[in-house]
Amino acid sequence: MGISVEMFAVTKSKITQEQIVDLSYQLSCAFGYDNFFTLRKENESSPEYRALEVVEAIGVLFDEDITEITPKDDETFIRVSLNGNFYSIGYERGDFGLYKNVAEWLEVKIPDAAIYYGGDSVYPILFDKETREFLWKHFCEVNTAPYYEIFQKSKNRPICDFCNHKMYQYSFSSNANEAKYLCNGCGSRLQTEDGGKTYSRVAEDDIDN
Ligand SMILES: [Zn+2]
């Protein structure tokens, strides 16, 4: 659940399917295939997806207007099938460092490519160096904390004894005395059944996210 990240590369030159297959392979090897949505064809009529896919058009946001852009002359539009949550100001959730690096990888591998970045319900914007640096600074300053803070109601949250930071409640019960907390710094989980008077570790087989 959530807003999935979307990224596109608009190239200045024609990219062949053979190049797409090879670039997809290199991209997955570089950043890990788990970071991309891929699907192997099962029969003649079933779909097939690689880390990079050629698309016919992209709806992008320019000056608060949505404009559908289509390839001109020798351009090729490529979807980067990233598998993760969108990250932006007001939705600090996904692995922004990965998205920034993938965009820079694409710029090196496909010279003159323009990169667009958005989410599945957020129209893409031009993801140029200036935009990337602006969001990167925000990511370095606050990481994913604002997203997790949205769900925090209790003023009485435990402090992780390893990281020395407040933990995030991730499990909510109809019984107000019951809660489970997670530390995003080390993965430690604590639970309380008495409204925070005492805490115990969450058992491995009771991790329900
Ligand atoms: Zn911790």
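The C-alpha centres of domain 1 and domain 2 sit 36 Å apart. Domain 1 covers 5-144 and domain 2 covers 151-206 of the protein chain, with bounds that come from an automatic or database domain assignment. The model is a predicted one: local features need pLDDT of at least 70, side-chain atom pairs count only at pLDDT 80 or more, and totals for chains, interfaces and linings use all residues. Residues are numbered from 1 along each chain as its sequence is written.

On to the sheet. Helices (H or I, at least four residues) and strands (E, at least two) are DSSP runs, numbered from the N terminus, and two strands pair if DSSP finds at least two bridges between them. Five strands make up an open sheet, in the order E2-E5-E1-E8-E9, with antiparallel pairing. Its edges are strand E2 (52-55) and E9, each of which pairs on one side only. From one strand to the next, the twist averages 25 degrees; axes here are lines fitted to C-alpha atoms, for helices over the stretch in contact, and angles run from 0 to 180 degrees between N-to-C directions.

At one edge, E2 pairs with strand E5 (residues 77-80) in the antiparallel sense, over four bridges. Here Val 54 stands opposite Ile 78 in E5. At the other edge, strand E8 (residues 114-119) and strand E9 (residues 122-126) are antiparallel partners over three bridges. A hairpin of two residues takes the chain from E8 to E9, and Tyr 116 stands opposite Leu 126 in E9. In a regular strand the side chains alternate between the two faces of the sheet.

Next come two helices. Helix H1 (residues 17-31) has 15 residues, which at 1.5 Å a residue should span 21 Å, and its end C-alpha atoms are indeed 21 Å apart; the expected span is 1.5 Å times one less than the number of residues. Leu 23, Ser 24 and Leu 27 of H1 are buried, where buried means that 20 or more other C-beta atoms lie within 10 Å of a residue's own, exposed means 12 or fewer, and partly exposed is in between, with C-beta atoms placed from the backbone. Seen down the axis of H1, the buried residues fall within an arc of 105 degrees, so they line one face of the helix; the arc is that of the directions from the helix axis to the C-beta atoms. Glu 18 and Cys 29, on the other side of H1, are exposed. An α-helix has 3.6 residues a turn, so residues three or four places apart point the same way. The buried residues of H1 pack against E2 and helix H2 (96-109), contact being counted when C-beta atoms, placed from the backbone, lie within 7 Å. Just after H1, Gly 32 takes a positive phi of about 100 degrees.

H2 passes the length check as well: its 14 residues should span 20 Å at 1.5 Å a residue, and its end C-alpha atoms are 20 Å apart, which agrees. The buried residues of H2 are Phe 96, Tyr 99, Lys 100, Val 102, Ala 103 and Leu 106. They cover an arc of only 160 degrees around the axis, so they sit on the same side of H2. Their cover includes strand E1 (5-10), H1, E5, strand E6 (87-88), E8 and helix H3 (129-142).

A few single residues round off the picture. Phe 36 belongs to the loop between H1 and E2, and it counts as buried because it has 20 C-beta neighbours inside 10 Å. Neighbours within four places in sequence aside, Phe 36 is in contact with Ser 28, Ala 51, Ser 81, Leu 82 and Asn 83. Leu 61, in strand E3 (residues 58-62), is partly exposed, with 15 other C-beta atoms within 10 Å. With the same sequence neighbours left aside, Leu 61 is in contact with Ile 66, Tyr 123, Pro 124 and Ile 125.

Most residues other than glycine have a negative phi. Asp 112, in the loop between H2 and E8, is not a glycine and yet has a positive phi of about 75 degrees. Asn 164, in the loop between helix H4 (145-149) and strand E10 (168-172), also has a positive phi, near 65 degrees. Asp 112 counts as exposed, with 9 C-beta neighbours inside 10 Å, and Asn 164 counts as exposed with 9 too.

Terms used:
Contact = placed C-beta atoms within 7 Å.
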